[in-house]
Amino acid sequence: MASAMILLPTMDAIAKYMASFEGMSPGQVTFYRFFFQLVCMLPMLATMAGRSAFSAKRPWMNLLRGALHGAASLLFFAAVKYMPLADVFAIYFVEPFMLTALSALFLGDKVGWRRWLAIVIGFVGAMIVIQPSFEIFGLKALLPVACAFLFALYLFMNRAVGEADSPMTMQVMAGVGGTLFMSVTLLAGASAGIADFEPSLPASALGLVLLLILGSISGYAHMLVVRAFRLAPLSLLAPFQYFEIISATVLGYAIFGDFPNLSKWIGIAIIVSSGLFIIWRERVQSRLEKTA
């Protein structure tokens, strides 16, 4: 899990590099992210799972999951084009709060007043990070919030669908759904003349190599996450997701010269503390329910 969380921001750094230095639109980068994920993972899928990886019991539900993941990735890549990596990740980490709220409202999960308070405090931390970014970037500063909501819906569907299909099949179908969604979105956006959907091929050999790496990381790092969740419970693994902020800060500073100021670090600390408190309370609640 720690390895995956350190690797995944590399994917977002590549997306920012492609937009900043290769002139590629976020929509096109997102399409290549899912397309090359499928290309890079097909050999392993064929070897390990064979045809069963492409046989889903709930194909439409899994394709919808892929479309949601595609839309969330598009918003994230658009955000990193305009904003520092660490800022985007900090704001994006309101996603666990949204997922907890959705689970309480629609799946009947018990969420006490302490966790609701932590959710509110976490959103306050996000506002501390968003406020200076909003003054600089305008409405684009809200892109990570929209991304977090769509990804929370994606994870919510994972819980709602349950274990009807294997993780391998779900990964394949999500890749197909994301690729199809981005194909339609890219064409629609380009037809409307929106610059962030402009279709293009890699401008250099380096760009092509980076896109292949992007697809490989997106596929195999998520497989590490799947493997981790098979070996350990959610309550143990969830705190490791905050490693992404560390990795994103290092990459943002090393490649783009971006580093959060003091107020943003305060906001990040509030978000992470609130998230860790929610995870701790969920673990305590789970133990109480087992002993009851």
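This is a selection-by-selection tour of the protein in the viewer.

**Whole chain**

Start with everything shown as a cartoon. The model is predicted. Colour by secondary structure: the protein has 12 helices and 0 strands. Read from the N terminus on, every element is therefore drawn as α, in the order α-α-α-α-α-α-α-α-α-α-α-α.

Now switch to the C-alpha trace. Along its principal axes it spans about 60 × 50 × 35 Å. The radius of gyration is 19 Å, which agrees with the value near 19 Å for a compact globule of 292 residues.

Turn on the surface. The accessible area comes to about 13600 Å². Carbon and sulfur atoms account for 70% of that area. Of the 292 residues, 52% count as buried.

Next, select the charges. There are 19 positive and 14 negative ones. The mean positions of the two sets lie 11 Å apart.

How do the contacts spread along the sequence? Among those between residues at least 6 apart, 88% join residues at least 24 apart. The stops below include some of these long sequence jumps.

**Stop 1: G175 and T179 on helix α8**

Select residues 167-191, which make up helix α8. Zoom to G175, which sits in this helix. Is G175 buried or exposed? Its relative accessible area is 0%, so it is buried, the cut-off being under 20%.

Show what surrounds G175. Leaving aside neighbours within four places in sequence, its contacts are F34, Q37 and L38. Draw a C-alpha to C-alpha distance from G175 to Q37: it reads 7.0 Å. In sequence the two are 138 residues apart.

Stay on helix α8 and pick T179. T179 also counts as buried, at 11% relative accessibility. Which residues does T179 contact, beyond four places in sequence? They are F31, F34, F35 and L38. Keep F34 and L38 selected for a moment: both appear in the contacts of G175 and in those of T179.

**Stop 2: H69 on helix α3**

Keep F34 on screen and add H69, in helix α3. H69 is buried, with a relative accessible area of 8%. Its contacts, with neighbours within four places set aside, are R33, F34, F151, Y154 and H222. F34 thus touches H69 as well as G175, with heavy atoms within 4.5 Å in each case. F151 and Y154 lead on to the next stop.

**Stop 3: the aromatic cluster**

Select F76, F89, Y92, F93, F151, Y154 and Y242. Together they form one aromatic cluster. The structure holds 17 aromatic pairs.

Zoom in on F76 and F89. Their ring centres are 5.1 Å apart. The planes meet at 70°, so this pair is edge-to-face. F76 belongs to helix α3 (residues 59-82), and F89 to helix α4 (residues 85-92). The pair therefore ties together parts that are 13 residues apart in sequence. Both F76 and F89 are buried.

**Stop 4: P144 on helix α7**

Leave Y92 displayed and add P144, found in helix α7. What is the relative accessible area of P144? It is 0%, so P144 is buried. Setting aside residues up to four places away, P144 touches A79, M83, V88, I91 and Y92. Y92 is also one of the aromatic cluster members.

For scale, draw a C-alpha distance from P144 to V184. The value is 22 Å, across 40 residues of sequence.

**Stop 5: L153 on helix α7**

Move along helix α7, which covers residues 143-161, to L153. Here the accessibility changes: L153 is partly exposed, with a relative accessible area of 22%. L153 touches L68 and L102, not counting residues up to four places away in sequence. Draw one more C-alpha distance, from L153 to M173: the two are separated by 17 Å and are 20 residues apart along the chain.

**Stop 6: S103 on helix α5**

Finish with residues 95-106, helix α5, and pick S103 inside this helix. S103 is buried, at 3% relative accessible area. Where does F156 lie relative to S103? Their C-alpha atoms are separated by 7.2 Å, although their positions lie 53 residues apart along the chain.

Notes: Residues numbered from 1 in each chain as written. Predicted model: local features only at pLDDT ≥ 70, side-chain atom pairs only at ≥ 80, totals over all residues. Heavy atoms only, no water. Helix = DSSP H or I, 4+ residues; strand = E, 2+ residues; numbered from the N terminus. Rg over C-alpha atoms; globule rule 2.2 N^0.38 Å. Buried < 20%, exposed > 50% of the residue type's maximum accessible area, 1.4 Å probe, protein only. Areas by Shrake-Rupley, 256 points an atom, 1.4 Å probe, with all protein chains shown as cover. Lys, Arg positive; Asp, Glu negative; His and termini not counted. Charge placed at Lys NZ, Arg CZ, Asp CG, Glu CD. Phe/Tyr/Trp six-rings, centres within 6.5 Å; stacked < 30°, edge-to-face > 60°.
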